[in-house]
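Work through the exercises below with the model open. Try each task before reading its solution.

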Amino acid sequence: MRLRADQALIAEWIRPKSRILDLGCGDGRLLAALQQKHGASGYGVEIDPENIIKCIANGINVVQSNLDEGLADFDDNSFDYVVMTQTIQAVRYPQRLLHEMLRIGREGIVTFPNMGHWKCRFQLAFGKMPITRHLPNDWHSTPNIHICTIADFKDMCHAENIAVLQQTTVDSEHRAGLAMRILPNLLGEIAMYRLRRGLKPPP
Amino acid sequence: MPDSIPADSVGVVSPTTLHFDEPLRLDCGVTLSEYDLVYESYGTLNAESNNAVLICHALSGDHHAAGFHAEQDPKPGWWNNCIGPGKPIDTNKYYVVSSNNLGGCGGSTGPLSTNPATGTAFGPDFPIVTVRDWVESQARLANALGIDRWAAVMGGSLGGMQVLQWAVDYPKQIANAVIIAATPKLSTQNIAFNEVARQAIRCDPSFHEGHYRLHNVVPERGLMLARMLGHITYLSDDVLHAKFGRELRDGKFNFGYDVEFQIESYLRHQGQSFVQRFDANSYLLMTKALDYFDPAAQFDNDLTKTVSNCQANFLVISFTSDWRFSPEKSRELVRALLDSDKNVSYIDIESEHGHDSFLMEIPLYHNVLHSYFARSLQEQQY
């Protein structure tokens, strides 16, 4: 099963044999790949029943849960990584969930569609809400209720005392090239962050 | 009545009785010097003996889980929609064993059996058995059948609780534990319902302290009441409303106490047909086994500790409208399994049928089972 570009990169970010919690794991392909190729173990969390069936068929542990109701089922520091790929924009309380991720996991990995990408800016410049490959819905029917730019996300991490360990952007097919690295917020379609709890107490 | 046996059925089956001479010491302290277990099996045990699935039945179930007892049998086994060729538990691939619990009335030793010590039926003197006792007796059945390790042990409701006990008591002998519409222990409300059911039976003038058979009577009224009460709790308010609403049998009030609302007629029918097939003493015993079930009691009431030695992969399933064994109870078990790093998957199936959902052919539910059992076949690489 083919991984999306952001998922493939996550597979490189994580240390082998890690314990992973994948929030909004979809059909479970990321966890399945990490299990098979990297000796990882862990659980997926998913709300959609059809996806849960696919997860089971893919041989991963999956627990049905609504991320908007929190992650009380999981203990502090019980995972090496808590991963959430292209899901944060669809949850009701993104900040709260980020803190939950970093409570449960030693590190968190988040990817999201970057609203600052030039295609989005271009459409907005012409007075329309952006519709892109990663944000494919009309404004009135979209599940993506918390969209942000890379600059917005950075600001929030700073304000919330979340330390950024690693960051990059990808588009659907490719890693960040030189241009994307220089102007990530303009040229990066998908933003990727590796995070942990900040060491300094917030001012 | 099926005109012919359907192709996706296991066909005509007949039960087998195994006699065990080795005494079985029960949790209550009494020892059964010998006993019978009756079981049915479907499919074929493979050469490696690693494709066997054990089915655990619920309160009023028995060993007849699938297939028909005769060509003209009007009703198949209670989980026929789930077990058979091409079904979620595919008998082309799995060897399925379903046994009647001790203390039941389906043929395994119970209140209707002859007490070897007295030469007469046990009746109310049959010792109270626990879920642990059942697991112990089934472990001996596995032994007798040459099955060292079950590919899966599976059950709904009381049967699901039995699966959990299996996983705790025999961690090495069960590869997959499929626990459906169950709970790690009964709620106070559950015990309360069971007590009303027991009192209904015990207060029936025909009960004779359980010796009703010596008087050639059956506590019909009491058993019927117990079943009527149980039946209400197995269904959801919504499904009762959808099925019967406030519909009147004669279309008008008769200002009397005979059946007027359709729901009354339905409940009485359910109660009466239950009396035909179930023994009151067995019913009493089974409800006690439910009430006593609490595997965590032996682990400082710590469910996480209770499951910490389990080695099985778990699949836990609940149903949204089940208020008898609510999804919250399943989640409690799932949380303990997560806390102790066990392999577990959990889904709460959308259904309006209440606790009885586990017996229904709900596509999503059956797809989950199908997927799980197909996957575990792959993993065992038959």
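Two residues are in contact if their C-beta atoms, placed from the backbone, lie within 7 Å. The model is predicted, and local features need pLDDT of at least 70, side-chain atom pairs count only at pLDDT 80 or more, while totals for chains, interfaces and linings use all residues. Residues are numbered from 1 along each chain as its sequence is written, and chains are lettered from A and ligands numbered from 1 in the order in which they are written.

**Exercise 1. The contact between the chains**

Task: Find how many residues chain A and chain B bring to their contact, and which elements of chain A supply them.

Solution. Step one: count the residues on each side, which gives 13 from chain A and 17 from chain B. Step two: assign the chain A residues to elements, where helices (H or I, at least four residues) and strands (E, at least two) are DSSP runs, numbered from the N terminus. Helix 3 (49-57) and strand 3 (61-64) of chain A each supply at least two residues of the side that touches chain B. Helix 3 of chain A gives the most, with five residues. Step three: sort by class, with Ala, Val, Leu, Ile, Met, Phe, Trp, Tyr, Cys and Pro as nonpolar, Asp, Glu, Lys and Arg as charged, and the others, Gly among them, as polar. The side of chain A that touches chain B then has eight nonpolar, three polar and two charged residues.

**Exercise 2. Helix 10 of chain B**

Task: Compare the span of helix 10 of chain B with the expected one, and state what its buried residues pack against.

Solution. Step one: the expected span of a helix is 1.5 Å times one less than its number of residues. Helix 10 (residues 363-380) of chain B has 18 residues and reaches 26 Å from first C-alpha to last, close to the 26 Å expected. Step two: apply the burial rule, by which a residue is buried if 20 or more other C-beta atoms lie within 10 Å of its own, exposed if 12 or fewer, and partly exposed in between, with C-beta atoms placed from the backbone. Among the buried residues of helix 10 of chain B are Tyr365(B), Leu369(B), Phe373(B) and Arg375(B). Step three: list the partners. The buried residues of helix 10 of chain B pack against helix 3 of chain A, and also against elements of chain B including strand 9 (152-156) and strand 11 (313-319).

**Exercise 3. Met192(A) and helix 1 of chain A**

Task: Where does Met192(A) lie, and is Met192(A) buried or exposed?

Solution. Step one: Met192(A) lies in strand 7 of chain A. Step two: Met192(A) counts as buried because it has 25 C-beta neighbours inside 10 Å. Step three: leaving aside neighbours within four places in sequence, the contacts of Met192(A) include Asp6(A), Leu9(A) and Val170(A). Step four: turn to helix 1 (residues 5-13) of chain A, where Asp6(A), Gln7(A) and Ile10(A) are buried. They cover an arc of only 100° around the axis, which puts them on the same side of helix 1 of chain A; the arc is that of the directions from the helix axis to the C-beta atoms.

**Exercise 4. Two positive phi values**

Task: Which of Ser157(B) and Asn301(B) is buried and which exposed?

Solution. Step one: phi of Ser157(B) is near 60°, and Asn301(B) has a positive phi of about 60° although it is not a glycine. Step two: Ser157(B) counts as buried, with 26 C-beta neighbours inside 10 Å, whereas Asn301(B), with 11, counts as exposed.
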